[in-house]
Amino acid sequence: YSGSQNGRVYCINMEGRGDGTTTRRWSYPNDYPSASVESALGPIQGSVAFADTTAGPTVFVPTVQGRLYALDAVGDPINKTTNSRWTYPDIAGGPIGSITMAPVIGWRTGNPTDRVVYFGTNDASLFGGGNTMFAVNAVDAGADGIGDLLWSRDFAANPFGNFLNIS
C-alpha cells in the first residue's frame, strides 16, 4: 500500500508479472480505467498504516488536507476499486490540520482486535487545527462513516513542537 503525491492510495499486487513489473490491485479514489482525474485528498506525505480490524483488513491514510481515511485493504481487484470505511473528521465538517505523519496502530484493551489509530496534526496556520494528538477507534462503531474519536490533546503550547513528517 502506498500513498502518493497525486493524492491517491495504491494497492499493488506483490506477486508481480514475473518480468520485474507488477499490476495495480486497486486505487483510491478510483481512476481506473479512465484517464486520471484530480484527487480531492491532496498530496499524501505520511506513510499509510495497515491493521486487521473487526471490520476486516484496513489501510489508514493521513492527508495534508487534514483528514484520516480508513480504507478497505482488500478492495475489488476486478474493478480495481476500494471503499472508504470511515473518515475522521466527517467530510461535511472542517479539517483538523495537516497530517504528515504515519498513523500508529495500537490496542485499547488486551483484545487484539480492539485497535486504536493514533496520529498528530500540524500547520495550524493553514487549517485552524494543529499540534494536536488524536486517538480514533480503528472501527466505525456507529456505522455512520465517521471515525469515532476516543480522545485528543492539544500540544500547541507544548515544547514538543509540531508532529512533522514522522514516518
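## A buried strand, β9

Here, a residue counts as buried when its relative accessible area is under 20%, as exposed over 50%, and as partly exposed in between. Keep that cut-off in mind for strand β9 of this predicted model. Of the 6 residues in β9, 5 are buried, so the strand is largely enclosed by the rest of the structure.

What does β9 pair with? Strand β9 (residues 115-120) runs antiparallel to strand β10 (residues 132-137), and 5 bridges join the two. If you want a spot to look at, find Tyr 118, which sits opposite Ala 135 in β10. Strand β8 also pairs with β9, again in the antiparallel sense, this time over 4 bridges. There, Trp 107 faces Arg 115 of β9.

## The β8-β11 sheet

Those pairings belong to an open sheet of 4 strands, ordered β8-β9-β10-β11 and paired antiparallel. Which strands sit at the edges? They are β8 (104-107) and β11 (149-154), each of which pairs on one side only. Ignoring direction, neighbouring strands of this sheet are turned by 20° against each other on average.

## The β4-β7 sheet

Another open sheet, also listed with 4 strands, takes the order β4-β5-β6-β7, and its pairing is antiparallel. Its edges are β4 (49-53) and β7 (84-88), as each of these finds a partner on one side only. From one strand to the next, the twist averages 20°.

Inside this sheet, 5 bridges link strand β5 (residues 56-62) with strand β6 (residues 68-72) in the antiparallel sense. One residue to pick out is Phe 60, whose bridge partner in β6 is Ala 70.

## Nonpolar cores

How many residues make up the largest nonpolar core? It has 15, and the ones with the most contacts inside it are Phe 60, Trp 86, Tyr 88 and Phe 119. The elements giving two or more residues to this core are β4, β6, β7, β9 and β10. Tyr 88 is a good place to start looking around: leaving out neighbours within four places in sequence, its contacts include Leu 68, Ile 96, Phe 119, Phe 134, Val 136 and Leu 149. Gly 66, Arg 67 and Gly 147 are also among the residues Tyr 88 touches.

Apart from that core lies another one, of 12 residues, among them Trp 26, Ile 44, Val 59 and Leu 71.

## Trp 26 and its aromatic company

With ring centres within 6.5 Å taken as the rule for pairing, the count comes to 7 aromatic pairs. One of them joins Tyr 1 and Trp 26: the centres are 6.0 Å apart and the planes make an angle of 40°, so the pair is tilted. Tyr 1 lies in the segment before β1 (2-3), while Trp 26 is in strand β3 (residues 24-28), so the pair ties together parts that are 25 residues apart in sequence.

Is each ring buried or exposed? Trp 26 is buried, with a relative accessible area of 0%. Tyr 1, at 44% relative accessibility, is partly exposed. Together with Phe 50, Tyr 1 and Trp 26 form one aromatic cluster.

## Two more residues to check: Cys 11 and Asp 72

Cys 11 sits in strand β2 (residues 9-12). Its relative accessibility is 5%, so Cys 11 counts as buried. Beyond residues up to four places away in sequence, Cys 11 touches Tyr 1, Arg 24, Arg 25, Trp 26 and Ala 73. The C-alpha atoms of Cys 11 and Tyr 28 are separated by 8.8 Å, with these positions 17 residues apart along the chain counted as their spacing.

Asp 72 belongs to strand β6. With 18% relative accessibility, Asp 72 counts as buried, because the cut-off is under 20%. What does its side chain reach? The side chain of Asp 72 gets to the backbone nitrogen of Val 74 at 3.0 Å. Setting aside neighbours within four places in sequence, Asp 72 is in contact with Trp 26, Pro 57, Thr 82, Asn 83 and Arg 85. Trp 26 therefore turns up in the contacts of Cys 11 and in those of Asp 72, as well as in the tilted pair with Tyr 1.

Terms used
Residues numbered from 1 in each chain as written. Predicted model: local features only at pLDDT ≥ 70, side-chain atom pairs only at ≥ 80, totals over all residues. Heavy atoms only, no water. Phe/Tyr/Trp six-rings, centres within 6.5 Å; stacked < 30°, edge-to-face > 60°. Buried < 20%, exposed > 50% of the residue type's maximum accessible area, 1.4 Å probe, protein only. Pairing = 2+ DSSP bridges. Axes fitted to C-alpha atoms, helices over the stretch in contact; angles between N-to-C directions. Contact = heavy atoms within 4.5 Å. Core = buried A, V, L, I, M, F, W, Y, C linked by side-chain atoms within 4.5 Å. Polar contact = N/O pair within 3.5 Å; in protein donor to acceptor, adjacent residues only side chain to side chain.
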